[in-house]
Amino acid sequence: MSMRHIYSVFMVKAISISAMLLVAIPTFAIRITHGPYICDMDSTSTTIVWFTDKPGLSWVELAEAGGPDHFYGKERNKYFATRRGRKLAADTLHRVRINGLRPDCLYRYRIFTKEMKQWRWNNNITYGDIASSTVYKREPYTFKTYPAGVRDVSFLVLNDIHERATDLKKMCKDIDFSKLDFVLLNGDMSNYVGTSAQIFKGYIDTLVSMCVKYIPVFMCRGNHETRGAFADKLWDFFPTANGEFYRVQHVAGIDFLIIDSGEDKPDNDIEYGEISNFDAYREEQARWLAQLKKDGRIGKYPVVVFCHIPPLLQNWHGCYHLNNTILPELNRMNVSLMLSGHLHRNDYQAPGETMNFPCLVNSNMSYLLCYTKNGRLEVERSEENGKNKKHFIFELKH
Ligand SMILES: [Fe+2]
């Protein structure tokens, strides 16, 4: 056998092995796996959240719809995921806060993540491919900031879905989301928060497919969201400007107060594995409410409250404690209505001595379509296919 023949056989084998290795160890381009969705929006800012299968450097490209800086022009405003002076590049969760927007303005946006392939010393980073929403959708997504002034508001309330994503989709199939200002999740969307996959599969992916790429989703945590090894990461999925689940969300002339009612049983219940501290947490919220009132940050506009656990259930510690901490503060705020869940049945708690405002409790099989009209808040409760529809009207107190 000549040297030339040996060399040829060697080369053929080498090429074959290389080809096999290429087949055996394919390299996949970075992908957007979940989202985007919009959180924590007001008249001048918003947050856009999405996830990729590999870590990377992320940004949003944004332009006013129809303006000179539109997506077919050369320059687009870029907003990065940053924290304390650094752009983030080592995570698969991407959260871009955008400030300085114009009120009542329609924006077009696209999301981008450049893969971080290797991070050696200092900030010596090797980047890879870019994943972008343009791969999946040529046209940009849109959202509209809230107006700075007062106008009618409409929103959807969902609660106690407990990861029944199929039911969620069926229940919402007739809703015209283009008419809504936001979707409010009023607790217990999960059974417990064990993994990120549970959140995606349980409800986020369904909501993204329906509406929350275009209108914000606001989270009011339920007691089941306080359970599980991943529960402390939930805020990262629903970031808020004040860093808390409890907060004031102002939308076009209404102050929505989002209360985090915590667990329903005593903190030392065996079910809570020694980690519940909700008495102190509810007291913290009572102090926050008192301060809001003292500072005049609430009271200028009608107040609508979201609170997963309704107050008037005296046999449960969570309610008993809520009635003695948070409720007295709410009673001083001229609240127009509280919307709750938790019971898995429809209920209505009338104003009385303990609670001086009405509380409407939505079941786990219905949704609430709410809209303001002529100074009143109208609520239409409906099950799938418009079954058992019921209409409520509440005065918006000034
Ligand atoms: Fe609950």
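Student: Which spacing do the donors of the iron ion follow along the chain?
Tutor: This is a predicted model, in which local features need pLDDT of at least 70, side-chain atom pairs count only at pLDDT 80 or more, and totals for chains, interfaces and linings use all residues. Residues are numbered from 1 along each chain as its sequence is written, and side-chain values use heavy atoms, with hydrogens and water left out. Donors are N, O and S atoms within 2.8 Å of the metal (3.2 Å for Na, K and Ca); water is not among the atoms, so sites may look incomplete. Along the chain, the donors of the iron ion follow the spacing D-x34-N-x84-H-x33-H.

Student: Which parts of the chain does the pair Asp188 and His308 tie together, and how far apart are they in sequence?
Tutor: Helices (H or I, at least four residues) and strands (E, at least two) are DSSP runs, numbered from the N terminus. Asp188 lies in the loop between strand S12 (182-185) and helix H4 (196-210), while His308 lies in the loop between strand S16 (303-307) and helix H7 (317-331). The pair therefore ties together parts whose separation in sequence is 120 residues.

Student: Which protein atoms are the donors of the iron ion, and at what distances do they lie?
Tutor: Two aspartate or asparagine donors are Asp188 (OD) and Asn223 (OD1). The other donors are His308 (NE2) and His342 (ND1), and the four lie from the iron ion at 2.0 to 2.3 Å.

Student: Why is the arrangement of the four donor atoms irregular?
Tutor: Four donors count as tetrahedral if all angles lie between 85 and 135 degrees; four count as square planar and six as octahedral if opposite donors are over 155 degrees apart and all others between 65 and 115; anything else is irregular. Around the iron ion, the arrangement is irregular because the four donor atoms subtend angles of 91 to 170°.

Student: Is Asp188 buried or exposed?
Tutor: Buried means under 20% relative accessible area, exposed over 50%, and partly exposed in between (1.4 Å probe, protein chains only). Asp188 has a relative accessible area of 2%, so Asp188 is buried.

Student: Is Ala241 buried or exposed?
Tutor: Ala241 is placed in the loop between helix H5 (234-237) and strand S14 (247-251). Its relative accessibility is 65%, so Ala241 counts as exposed.

Student: Which residues does Ala241 touch, not counting residues up to four places away in sequence?
Tutor: Contact means heavy atoms within 4.5 Å. With residues up to four places away in sequence not counted, Ala241 touches Asp40 and Arg97.
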